[in-house]
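Me: Could you walk me through the pockets and a helix pair in this protein? I'd like the reasoning along with each result.

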Amino acid sequence: MNLADLNKVALAMVTPGKGILAADESSGTIKKRFDAIKVESTGENRRDYREMLFRSQEAMSKYISGVILYDETIWQDAKDGTPLVKLIEQAGAIPGIKVDEGTQPLPACPGELVTVGLDKLAERLKKYYERGARFAKWRAVIDIGSSAGSRGIPTMTAIRVNAHALARYAALCQAAQIVPIVEPEVLMDGDHDIDRCYEVTQRVLNRTFQELRVQRVALEGMVLKPNMAISGKKCPKQASVQEVAEKTIRLLKSCVPAAVPGIAFLSGGQSDEEATAHLDAMNKIGGLPWRLTFSYGRALQAAPQKAWSGKADNVAAGQRAFSHRAKMNGLASTGKWDAGLEKQAA
């Protein structure tokens, strides 16, 4: 492992003013997105859609530092035969790859999940590196039980098992000279308030960093992708933008070592503008030991998907919509966004 090189890539991933495009939707997830815009989810349509994003010159060169790909996408070529990975590199961004293989029910823990995919991961990472991937992603999913019948969810079992898998994945990545994005996601589904989210996320992050140390993961060569401290979607009292920003920063300062180069938040079901506003408010607070940016999927792609709607004639409109969202989040990553900018034409 060459830690200096890993650190260089990790810092490039969190370049001020730029963030990461999560274009790693599984076949099932992208089918749902395509169903919503009445586009058939074929290999060709998925390729055309992602090619449209990667050829968005303004967005990719100015505001996107890296792109997380799905296994299908990393092997695909653009219409003209150029590997999609090369399009990303040509725009000055770094190709990455989602390497987990989804979730399975966790034995003896009803309603809880564990992420799988560690078997043969070392061999897969070698192939991905040869194809051009310089970072990877693994998502652990932690649910918060409802206040009515939570049955003690999340259990310590679920937190430990998922933190252990995240750390094993991270160690394998670094051995393969690939920067791991460590993503422990506490879901915002449910009726819990922001303080319950804070408490659970604190337990999850503390356990995750314990495991990373046990497995000798070099913190300087990784990027953290956490959820924000936020109210559950069904909570009657939604926390304000300022409260989310202040509590998330307090939470991260208590859990995340300063050696970590950067934190790239997931949007986790927030609306486009909410995800941008929260990130901006955190960066306006400032004085942080790590860089704070975005690693958004839906919050960057919902607008371009709708504008494109599967039609070649709409490619330019889709790219404009993508560039607008990328620019808004790029500004938020340096605390220079404000809601008035959203009113400008995309």
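Me: Which helix supplies at least two residues of the lining of the largest pocket?
Reply: Happy to help, and do keep in mind that this is a predicted model. Strands S6 (135-142), S7 (179-186) and S10 (291-296) each supply at least two residues of that lining. The helix that does so as well is H2 (27-36).

Me: Which class has 14 residues in the lining of the largest pocket?
Reply: The pocket has a volume of about 770 Å³. Of its 30 lining residues, the closest to the centre are Thr29, Arg33, Lys137, Arg139 and Glu185. By class, the lining has seven nonpolar and nine polar residues, and the 14 others are charged.

Me: Which element gives the largest share of the lining of the second largest pocket?
Reply: This pocket holds about 200 Å³ of space, and its lining includes Asn45, Asp48, Trp308 and Gln319. Two elements give two or more residues to that lining, helix H13 (315-332) and helix H3 (43-54). The largest share, four residues, comes from H3.

Me: Are H9 and H10 roughly parallel or roughly antiparallel?
Reply: H9 (residues 194-214) and H10 (residues 241-255) pack at an angle of about 25°, with axes 10 Å apart. Angles under 35 degrees count as roughly parallel. The two helices, H9 and H10, are therefore roughly parallel.

Me: What is the handedness of the crossing of H9 and H10?
Reply: Residues that meet across this pair include Tyr198 and Leu205 in H9, and Val244 and Leu251 in H10. By class, the contact has eight nonpolar, four polar and four charged residues. The crossing of H9 and H10 is right-handed.

Technical notes: Residues numbered from 1 in each chain as written. Predicted model: local features only at pLDDT ≥ 70, side-chain atom pairs only at ≥ 80, totals over all residues. Heavy atoms only, no water. Axes fitted to C-alpha atoms, helices over the stretch in contact; angles between N-to-C directions. Parallel < 35°, antiparallel > 145°, perpendicular 65-115°, else oblique. Left-handed = near helix turned anticlockwise from the far one by under 90°. Contact = heavy atoms within 4.5 Å. Nonpolar A, V, L, I, M, F, W, Y, C, P; charged D, E, K, R; others polar. 1 Å grid on protein atoms, 1.4 Å probe; cavity = no way out; pocket = protein on both sides within 12 Å on 5 of 7 lines; lining within 4 Å. Points joined across faces, edges and corners; volume = space filled by probe spheres on them.
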